[in-house]
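Dear colleague,

Please find below the structure that I am handing over to you. My findings follow after it.

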Amino acid sequence: MSKKLSEVVDGAVVAIYYTLKSADGEVVDSNRRGGKPLVFLQGKGQVLPAIEAALVGKKKDEHVVLELPPAQGYGERKEENVRKVPRSAFPPRTPLELGARFVLRDDQGRNVPALVVELDDEEVTVDHNHPLAGQTLFFDITVAGIREASAEEVQHGHAHGPGGHHH
Ligand code: ZN
């Protein structure tokens, strides 16, 4: 077992419970019900940088409440991220319908979210903005655990075990 740490430092394996709400108070995401914390390697950009910054120095069971403007969250919505694509650009069996969400690969191999916002016989209009782009994010976070990373975790750049990577 790795040694427990008294507070969050760079390179620590941190476990958190979180609830994310939108400006109107709607719960957008939360891992509190499932009983499994999110586990990540602090300082590697695996969670939003503003969350990492707020967690530095926090102790187990400490509570962090954050209000993040879009610039510290998922950025502003960009109209140029809404594009018309010919139907023929999609694989044959793609279920194209209004409101359908896909993850596409761009030419650099990155995953890009896509939401179908309009379609006709020839073209599909897809919105590639992150679903939370343009939104102020309200996070409520509880530190569930802090421990030293193992040599293997440091080498891999991510946390292993429950809530982390399995391989
Ligand atoms: Zn690994």
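A residue counts as buried when its relative accessible area is under 20%. F102 has a relative accessibility of 17%, and therefore F102 counts as buried. Please keep in mind that this is a predicted model.

F102 belongs to the 1 aromatic pair that the structure holds. Its partner is F90, which counts as buried because its relative accessibility is 10%. The ring centres of F90 and F102 lie 6.1 Å apart, and the angle between the planes is 45°, so the pair is classed as tilted. The pair links distant parts of the chain, with the two positions 12 residues apart in numbering. F90 sits in the loop between strand 5 (82–86) and strand 6 (101–105), while F102 is in strand 6.

I now turn to the nonpolar cores. The largest one has 22 residues, and the members that touch the most others are I51, L55, L66, L68, F139 and I141. At least two residues of this core come from each of strand 1 (13–21), helix 1 (49–55), strand 4 (63–68) and strand 9 (137–147). Strand 9 supplies the most, namely 5 residues.

Which residues does I141 touch, leaving aside those up to four places away in sequence? They are I16, Y17, Y18, R32, I51, L55, E62, H63, V64 and L66.

Another core lies apart from the largest one. This other core has 9 residues, including V85, L96, V116 and V124.

With kind regards

Note on methods. Residues are numbered from 1 along each chain as its sequence is written. This is a predicted model: local features need pLDDT of at least 70, side-chain atom pairs count only at pLDDT 80 or more; totals for chains, interfaces and linings use all residues. Side-chain values use heavy atoms; hydrogens and water are left out. A nonpolar core is a set of buried Ala, Val, Leu, Ile, Met, Phe, Trp, Tyr and Cys residues joined through side-chain atoms within 4.5 Å. Buried means under 20% relative accessible area, exposed over 50%, partly exposed in between (1.4 Å probe, protein chains only). Helices (H or I, at least four residues) and strands (E, at least two) are DSSP runs, numbered from the N terminus. Contact means heavy atoms within 4.5 Å. Rings of Phe, Tyr and Trp (its six-membered ring) pair if their centres lie within 6.5 Å; planes under 30 degrees apart count as stacked, over 60 as edge-to-face and the rest as tilted.
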